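User: I should like to learn how to read aromatic contacts and sheets in a structural model. Could you take me through them one feature at a time?

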Amino acid sequence: MQIKFTFAALAFAGMMSGAAFAQTEAAPAIQVTTGEQKPIEAVAPQTPAVPNWMQDAQTMEQTTVEWLENEHDFGQIIEGSTVSHTFRFKNTGTAPLKLLRVKASCGCTTPSYTEQEIAPGEEGFVQVAFDSSGKLGFQNKAVTVTGNFEGTNMILRFKGEVVAASSETPGQ
């Protein structure tokens with residue numbers, strides 16, 4: 001008798017799931033109506049606005065610049081220390097040189113630079129300070145300099161290997 005009850009319960013459950021399935025299938029269909037077709041208007045893609053500093057770099061009178069170097073290797077750097085290097089350049093053109101933007105590749109690097117115009121024949125600088133806190137291992141960083149010179153951008157690079165500070169390091 002228990003077998004019949006179990007069989008009956010399974011049969012009832014099957015009927016209910018079948019009924020539920022049948023109800024789902026019998027749901028009303030979504031009606032799609034067709035109306036007057038209108039042509040799709042073409043929309044010109046939006047071009048991002050060019051930042052003012054880039055517009056200035058492209059529209060100012062161009063000059064030429066000679067960098068004494070564009071890469072620097074700090075070698076080994078003790079983790080937690082801040083190291084800095086100054087990149088020097090000379091305006092070799094005939095128009096005044098203006099650095100419009102100096103941007104580091106990450107927050108661990110802080111640039112400073114000659115902010116006033118540099119006359120033809122005069123020199124300027126871009127100084128980078130690198131904070132090695134939490135930066136163990138080989139580091140390769142960049143600073144992008146934008147100005148009214150040929151090519152508009154110059155990428156200055158520096159690298160170094162940050163090593164853990166130990167209690168045996170002099171000065172610790």
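User: Which residues form one aromatic cluster here?

Analyst: In this predicted model, the cluster is made up of Phe74, Phe130 and Phe158. The structure holds 3 aromatic pairs in total.

User: How should the geometry of a ring pair be read, and what are the values for Trp67 and Phe89?

Analyst: Ring planes under 30 degrees apart count as stacked, over 60 as edge-to-face, and the rest as tilted. The planes of Trp67 and Phe89 meet at 50 degrees, so this pair is tilted; the ring centres are 4.7 Å apart. Trp67 belongs to strand 1 and Phe89 to strand 3, and the pair links distant parts of the chain, 22 residues apart.

User: Are Trp67 and Phe89 buried or exposed?

Analyst: Trp67 and Phe89 are both buried.

User: What is the arrangement of the rings of Phe74 and Phe158?

Analyst: Their planes stand at 80 degrees, so the pair is edge-to-face, with 5.5 Å between the ring centres. Because Phe74 lies in strand 2 and Phe158 in strand 8, the contact ties together parts that are 84 residues apart in sequence. Phe74 and Phe158 are both buried.

User: Let us turn to the sheets. In what order do the strands of the sheet containing strand 2 and strand 8 lie?

Analyst: As a general idea, strands of a sheet pair through backbone hydrogen bonds, either parallel or antiparallel. Here, 4 strands form an open sheet in the order 2-8-7-4, with mixed pairing. Strand 2 (71-78) and strand 4 (99-104) are at the edges with a single partner strand each, so one side of each has no neighbour in the sheet. From one strand to the next, the twist averages 20 degrees.

User: How many bridges join strand 7 to strand 8?

Analyst: Strand 7 (residues 137-147) and strand 8 (residues 153-163) run antiparallel and are joined by 10 bridges. Across from Phe138 stands Glu161 of strand 8.

User: What is the pairing in the sheet with the order 1-3-6-5?

Analyst: That open sheet consists of 4 strands, and its pairing is antiparallel. Strand 1 (65-67) and strand 5 (109-113) are its edge strands, each pairing on one side only. Neighbouring strands of this sheet are turned against each other by 25 degrees on average, direction ignored.

User: Which residue stands opposite Lys90, and how many bridges join strand 3 to strand 6?

Analyst: Lys90 faces Glu123 in strand 6. Strand 3 (residues 82-91) and strand 6 (residues 123-131) are antiparallel, with 9 bridges joining them.

Note on methods:
Residues are numbered from 1 along each chain as its sequence is written. This is a predicted model: local features need pLDDT of at least 70, side-chain atom pairs count only at pLDDT 80 or more; totals for chains, interfaces and linings use all residues. Side-chain values use heavy atoms; hydrogens and water are left out. Two strands pair if DSSP finds at least two bridges between them. Helices (H or I, at least four residues) and strands (E, at least two) are DSSP runs, numbered from the N terminus. Axes are lines fitted to C-alpha atoms, for helices over the stretch in contact, and angles run from 0 to 180 degrees between N-to-C directions. Rings of Phe, Tyr and Trp (its six-membered ring) pair if their centres lie within 6.5 Å; planes under 30 degrees apart count as stacked, over 60 as edge-to-face and the rest as tilted. Buried means under 20% relative accessible area, exposed over 50%, partly exposed in between (1.4 Å probe, protein chains only).
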